[in-house]
Amino acid sequence: PLNTFNSVREILIGINEGIPIKERRFIFDAQLTDQQQAFNLMNSVCAGMRALLIYAGGKLSLHLDMPDEVPIMMFNEANIKPDSVGISGVSESEMLTGVDTSYINPANHYKRETMRVDDATAIKNLNQIENVTSVDIMGVTRRSQAMRFSQYLLAASKYIRRKIMFKTDTSAIGLIPGDLIAFQQKIAGTAWGYGGRVSANGSIVGSNSRFGVDHANVT
């Protein structure tokens, strides 16, 4: 709505902590002047708002990484093929310690500027290898939006540390990349409940073992 959001472009530097500032989280501000493939162009536009355009099953769908999402499917021993689960971790050297984000600054004659955002905990850890990546997001003309994008990449690199691979059956045919799922795996000595499917006679198909629950995104 008009008069609800205030720009912080001019007052970002030197603002006191604790002052609430409201602005639109994502704004696309660019001109499309070059002819290129529509799918690649739309994905470039979506990248600025942490989204991905996916073509699957003869249709286009938009996936946006948002908080408080609810898993749409559960995977456990009832629909995971035996001995197909593989869990790997991300080494500390792969974690990002800083992000250089390039954006357009209207206050400086629409010149392209680069802003560095560093991980404060990585700076204190002298044993961590410096790993800085550079990104160029299309249609971003606000320093605050570029800063949030950099902080998002740092947080994703810091907290998404495990990769899970497994084989399943045709029950997952409706999933597309980006869908949030729940994954259950046997963990000895914990009491997190039970996993499986109920058959016609009331017994559990799969496993009566205790499970630990984890969430993951489909890739």
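This is a guided tour of the structure, with a suggestion at each stop of what to select and what to look for there.

**Colour by confidence**

Start by colouring the chain by pLDDT, since this is a predicted model. The chain has an average pLDDT of 78, and 74% of the residues score at least 70. Where in the chain is confidence highest, and where is it lowest? Select strand β5, residues 98-105, to see the highest, with a mean of 92, and then strand β11, residues 204-217, to see the lowest, with a mean of 50. Within residues 207-212 the pLDDT is below 50, although this stretch has 29 contacts in the model beyond near neighbours in sequence. Another stretch to select is residues 7-13, where pLDDT stays under 50 and where the model has 10 contacts beyond four places in sequence.

**The hairpin of β1 and β2**

Next, select residues 51-56, which are strand β1, together with residues 59-64, which are strand β2; these two strands run antiparallel and are joined by six bridges. To follow one bridge by eye, pick Ala-51 and look across to Leu-64 in β2, which is its bridge partner. The two strands form a hairpin with two residues between them, and in that turn you will find Gly-57, with a positive phi of about 65°.

Now step back to Arg-50, which lies in the loop between α1 (38-47) and β1. Most residues other than glycine have a negative phi. Arg-50, however, has a positive phi of about 60° although it is not a glycine. For a second case, select Asp-83, in the loop between β3 (74-75) and β4 (86-89), which is likewise not a glycine and has a positive phi of about 60°.

**The three-stranded sheet**

Return to β5 and show β6 and β7 with it, and you have an open sheet of three strands in the order β6-β5-β7, with mixed pairing. Why is one side of β6 and of β7 left without a neighbour in the sheet? Strands β6 (111-118) and β7 (132-136) stand at the edges and each has a single partner strand, so each has one side with no neighbour in the sheet. If you look across the sheet, the twist from one strand to the next averages 25°.

β5 and β6 pair in the antiparallel sense over eight bridges, and one place to see this is Gly-98, whose bridge partner in β6 is Asp-118. Then add helix α3, residues 143-159, which packs on the sheet and touches β5, β6 and β7, while its direction makes about 40° with that of β6.

**Empty spaces**

Rolling a probe the size of a water molecule over the atoms shows where empty space is left. In the whole structure, a search finds two cavities of 30 Å³ or more, and the largest cavity holds about 40 Å³ of space. To locate the largest cavity, select its lining, which consists of Arg-25, Phe-26, Gly-48, Arg-50, Gln-145, Arg-148 and Phe-149. By type, these lining residues divide into two nonpolar, two polar and three charged.

Finish at the second largest pocket, which has a volume of about 200 Å³. Among the residues that line this pocket are Asp-29, Ala-30, Ile-104, Tyr-110, Arg-112 and Asp-136, and the lining also includes Ile-137, Met-138, Gly-139, Val-140 and Thr-141. Colouring the lining of this pocket by type will show six nonpolar, two polar and three charged residues.

Definitions and conventions. Residues are numbered from 1 along each chain as its sequence is written. This is a predicted model: local features need pLDDT of at least 70, side-chain atom pairs count only at pLDDT 80 or more; totals for chains, interfaces and linings use all residues. Side-chain values use heavy atoms; hydrogens and water are left out. Two strands pair if DSSP finds at least two bridges between them. Helices (H or I, at least four residues) and strands (E, at least two) are DSSP runs, numbered from the N terminus. On a 1 Å grid over the protein atoms alone, a cavity is a set of points where a 1.4 Å probe fits but cannot get out, and a pocket is an open set with protein on both sides within 12 Å along at least five of seven lines; lining residues have an atom within 4 Å of a point. Grid points are joined across faces, edges and corners, and a volume is the space filled by probe spheres set on the points. Ala, Val, Leu, Ile, Met, Phe, Trp, Tyr, Cys and Pro count as nonpolar, Asp, Glu, Lys and Arg as charged, and the others, Gly among them, as polar. pLDDT is the predictor's confidence in each residue, from 0 to 100. Contact means heavy atoms within 4.5 Å. Axes are lines fitted to C-alpha atoms, for helices over the stretch in contact, and angles run from 0 to 180 degrees between N-to-C directions.
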